[in-house]
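Trainee: I should like to learn how to read the surface features of a structure. May we work through one together?

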Amino acid sequence: MNELTDFIVPVVILGVITIGILAHTDIFEAFTEGAAEGIKTTIDILPALIILITCINMFKASGCLDILTNIVSP
């Protein structure tokens, strides 16, 4: 099983490149456009992610998480 998982990423990369060449697609341009979209998405969700992480840490620090787990645990 471990030998199979060693080949998954290289096979996927080779497959994407092969399909791009067969479809006559500019692979580098498609990659850079996708990377730019990814950066824009990251910038869009970053404030919400920071707020979510802060709220979770505040919930843990206040002791409410311990109280909730004690109530729910058998």
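Trainee: Which helix gives the most to the nonpolar patch?

Mentor: Patches are made of residues with over 30% relative accessible area and no salt bridge (a side-chain nitrogen of Lys or Arg within 4 Å of a carboxyl oxygen of Asp or Glu). Like charges are joined within 9 Å, and nonpolar side chains (Val, Leu, Ile, Met, Phe, Trp, Tyr) within 5 Å. Here helix α2, residues 8–22, gives the most, with seven residues. This is a predicted model, in which local features need pLDDT of at least 70, side-chain atom pairs count only at pLDDT 80 or more, and totals for chains, interfaces and linings use all residues. Residues are numbered from 1 along each chain as its sequence is written, and side-chain values use heavy atoms, with hydrogens and water left out.

Trainee: Which residues form the nonpolar patch?

Mentor: The patch consists of Ile8, Val9, Val12, Ile13, Val16, Ile17, Ile21 and Ile27, with about 680 Å² of accessible area together (Shrake-Rupley method, 1.4 Å probe, only the protein chains shown counting as cover for residues).

Trainee: Does Ile21 count as buried or exposed?

Mentor: Buried means under 20% relative accessible area, exposed over 50%, and partly exposed in between (1.4 Å probe, protein chains only). Ile21, placed in helix α2, counts as exposed because its relative accessibility is 53%.

Trainee: How many of the 74 residues, as a percentage, count as buried?

Mentor: The buried share of the chain is 3%. The chain exposes about 6,600 Å², and carbon and sulfur atoms supply 76% of that area.

Methods
Helix = DSSP H or I, 4+ residues; strand = E, 2+ residues; numbered from the N terminus.
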